Amino acid sequence: MKSSINPDFLLKTTAFLFVAVTFFYFGKHWSPSDGYNHLIFFSSSSSSTTPQISISPNFNQSLNHSTLIDPIKTLEPPPSPSPSPSQQTLVPPSSPSPPPPDSAKKFGIVNDEGTMSEEFEIGEFDLETVGDDGVNEAPIQDSAMPRDTKFAIKRFGFCPRGMSEYIPCLDNAEAIRNLESTEKGERFERHCPSQGNGFNCLVPPPKGYRPPIPWPKSRDEVWYSNVPHTRLVDDKGGQNWISRDKDKFKFPGGGTQFIHGADQYLDHISKMVPEITFGQHIRVALDVGCGVASFGAYLLSRNVITMSVAPKDVHENQIQFALERGVPAMVSAFATRRLLYPSQAFDLIHCSRCRINWTRDDGILLLEVNRMLRAGGYFVWAAQPVYKHEEALEEQWEEMVNLTTRLCWKFLKKDGYVAIWQKPSDNSCYLNREAGTKPPLCDPSDDPDNVWYVNLKACISPLPENGYGANVTRWPERLQTPPDRLQSIKIDAFISRKELFKAESKYWNEIIGGYVRALHWKKMRLRNVLDMRAGFGGFAAALIDQKLDSWVMNVVPISGPNTLPVIYDRGLIGVMHDWCEPFDTYPRTYDLLHAANLLSVEKKRCNVASIMLEMDRILRPGGRAYIRDSLAMVDELVEIGKAIGWHVTVRDTSEGPHASYRVLVCDKHLLRV
């Protein structure tokens with residue numbers, strides 16, 4: 001007997017049930033309550049129903065400010081004298097634990113068929129309602145607070161003038177004094193105040209602070225009053241690093257080993273090894289012991305972005321000078337812990353008289369270079385052992401040659417005071433070494449991308465057997481090419497990762513494109529940008545696509561998936577960080593801070609008021625913070641921003657007034673102590 005069920009009816013019923021179950025799954029797992037899963041892309045045509053604005057949980061509540069910002073105690077201006085950082089009793093950090101690192105994160109973009117897609121639309125700007133802040137004005141009061149909500153937060157006062165260059169995790173004098181040993185550079189590493197013992201005031205600018213000189217002029221000169229220190233001029237003036245001319249510092253572009261200028265030095269490297277093609281397969285570099293970062297400054301014109309690093313040592317303010325110039329830089333030290341960058345991050349790593357003993361402790365510091373160097377990447381060393389024929393220096397050279405040979409690095413050339421090696425492209429050399437050769441390969445359980453407070457290891461991080469990280473596309477194509485390592489990120493979108501990658505890029509590109517067209521972003525003084533929750537780097541890529549003359553420090557929070565390898569494979573730079581702790585940079589070093597769906601997540605782990613104070617510390621006067629977050633989160637941030645002294649405005653996003661989140665635009669003005 002034949003079945004009476006119509007095959008077409010059965011097929012349609014099955015399809016309907018599949019779509020229904022799919023949307024139920026997406027709604028459950030990608031809801032805003034899921035923390036970092038709240039990566040949402042909106043479509044202007046994906047729904048026929050009228051969306052509703054969610055009501056803040058603070059509606060009609062009277063909140064005591066102490067429950068919001070405790071344990072940070074606010075200061076009422078004028079502040080009473082308080083001890084300098086060197087006199088404060090601070091204890092090592094004890095940050096809340098992040099979620100288990102092995103848990104896959106769930107997020108995505110869903111099309112009408114219930115599958116991930118990069119095909120979607122971003123709402124256009126309404127030029128009649130668009131504000132000066134870069135987003136559409138919301139049809140609500142400027143504070144965006146429900147009318148009956150009451151917040152009472154005292155205004156934060158200024159810290160003492162002596163804290164104008166305060167870096168909390170590097171200026172913890174009490175913790176440094178209590179270190180068991182400092183012989184390996186431990187004092188230059190992070191020693192953060194414990195929660196509740198951090199600074200609770202506004203870090204003041206130095207006397208006479210002025211708006212920075214715009215890029216590209218800032219590459220060659222900065223205001224003396226903004227970094228009023230002459231130690232580098234006294235110590236390095238004869239090496240063509242830096243000089244003082246009345247009210248300005250000037251940077252001739254030289255360095256200890258390239259006093260005739262960085263451009264000539266870069267040409268010399270290219271001639272030594274013609275395969276080093278700057279701006280093509282050499283896109284991301286690391287400059288160790290960077291001085292005032294002239295090496296990185298001059299590479300920018302060759303389409304190479306350089307992470308310039310140096311410790312806060314006797315030559316203080318190297319990194320501060322670099323950032324004031326508008327050059328990417330970060331305070332960091334080779335000591336006892338891994339640097340906060342992933343494996344295979346840099347196409348080229350450079351050390352010119354960086355004062356690092358690469359062969360100490362079985363070569364543990366050069367092994368860290370090896371971990372961060374991309375397969376087939378180059379190590380450039382300019383130092384006295386390369387060219388001076390003194391007994392002690394010749395011994396150092398022999399030790400270096402012996403160590404690099406055991407690391408399977410290929411010695412390419414030595415010319416004058418420069419030597420260049422190349423890292424292997426696969427593991428074949430490592431596996432063919434004689435038994436017992438040191439350093440050994442790291443244990444297979446060691447994750448070379450695990451970097452947050454991880455000790456250095458005297459072992460070789462083997463390269464992935466699948467070749468991930470070795471075969472990145474040339475610049476500029478690599479910016480928009482989904483890299484192989486996208487497949488290794490611990491998220492649940494196993495099949496649709498490339499679509500997710502492309503969708504994130506399209507999302508931010510359309511938003512930034514709107515800012516450029518409607519708000520003339522290219523005319524803004526926008527140079528140093530920090531994306532506080534970078535994802536795959538789509539925001540930074542959009543700034544490049546829109547030809548904005550800026551660079552972005554992409555920060556990947558430890559509370560989310562580690563997407564940092566993808567960011568570097570795209571040809572961008574970034575760092576791992578925990579926003580429950582301060583960031584390793586000087587005050588007043590960024591023009592724009594961008595935080596998308598970050599603070600509502602970190603609120604579950606730490607104090608959002610302390611994060612906002614840290615944002616104020618690193619934001620330049622005249623700078624701006626864009627905070628995209630839920631309505632409930634924005635309600636709280638408005639009052640904290642006012643207590644800090646920011647001019648805050650809440651705006652609709654380009655998705656319109658019915659979106660479930662807003663943009664809080666915070667302008668920091670120059671306030672005098």
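**View 1. Alanine 293, a buried residue with positive phi.** Alanine 293 counts as buried because its relative accessibility is 0%, where buried means under 20% relative accessible area. In this predicted model, alanine 293 has a phi of about 70 degrees, a positive value although the residue is not a glycine. Alanine 293 lies in the loop that runs between strand E6 (284–288) and helix H6 (294–299). As background to this view, most residues other than glycine have a negative phi.

**View 2. Aspartate 361, a residue of helix H8 with positive phi.** Helix H8 comprises residues 360–372, and aspartate 361 is found in this helix. The phi of aspartate 361 is positive, at about 50 degrees, although this residue is not a glycine either. Aspartate 361 counts as partly exposed because its relative accessibility is 35%, which falls in between the limits of under 20% for buried and over 50% for exposed.

**View 3. Two cis peptide bonds, at proline 439 and proline 476.** Lysine 438 and proline 439 are joined by a cis peptide bond with omega of about 0 degrees. Proline 439 is placed in the loop between helix H11 (428–431) and helix H12 (497–519). Proline 476 is also in the loop between H11 and H12. The peptide bond leading from tryptophan 475 to proline 476 is cis, and its omega is near 10 degrees. For context, most peptide bonds are trans.

**View 4. A negative surface patch of glutamates.** Six residues form this patch, namely Glu390, Glu391, Glu394, Glu395, Glu398 and Glu399. Glutamate 390 is in the loop between helix H9 (384–387) and helix H10 (391–406). With a relative accessibility of 43%, glutamate 390 counts as partly exposed. This value satisfies the accessibility condition for patch residues, because they must have over 30% relative accessible area.

**View 5. The protein chain as the setting of the close-up views.** The protein chain contains 17 helices and 19 strands. It has 673 residues, of which 57% count as buried. Where contacting residues in the protein chain are at least 6 apart in sequence, 74% of the contacts join residues at least 24 apart. The accessible surface of the protein chain is about 28600 Å², and carbon and sulfur atoms account for 52% of that area.

Conventions. Residues numbered from 1 in each chain as written. Predicted model: local features only at pLDDT ≥ 70, side-chain atom pairs only at ≥ 80, totals over all residues. Heavy atoms only, no water. Patch = residues over 30% accessible without salt bridge, like charges linked within 9 Å, V, L, I, M, F, W, Y side chains within 5 Å. Areas by Shrake-Rupley, 256 points an atom, 1.4 Å probe, with all protein chains shown as cover. Salt bridge = Lys/Arg side-chain N within 4 Å of Asp/Glu carboxyl O. Lys, Arg positive; Asp, Glu negative; His and termini not counted. Charge placed at Lys NZ, Arg CZ, Asp CG, Glu CD. Helix = DSSP H or I, 4+ residues; strand = E, 2+ residues; numbered from the N terminus. Buried < 20%, exposed > 50% of the residue type's maximum accessible area, 1.4 Å probe, protein only. Contact = heavy atoms within 4.5 Å.
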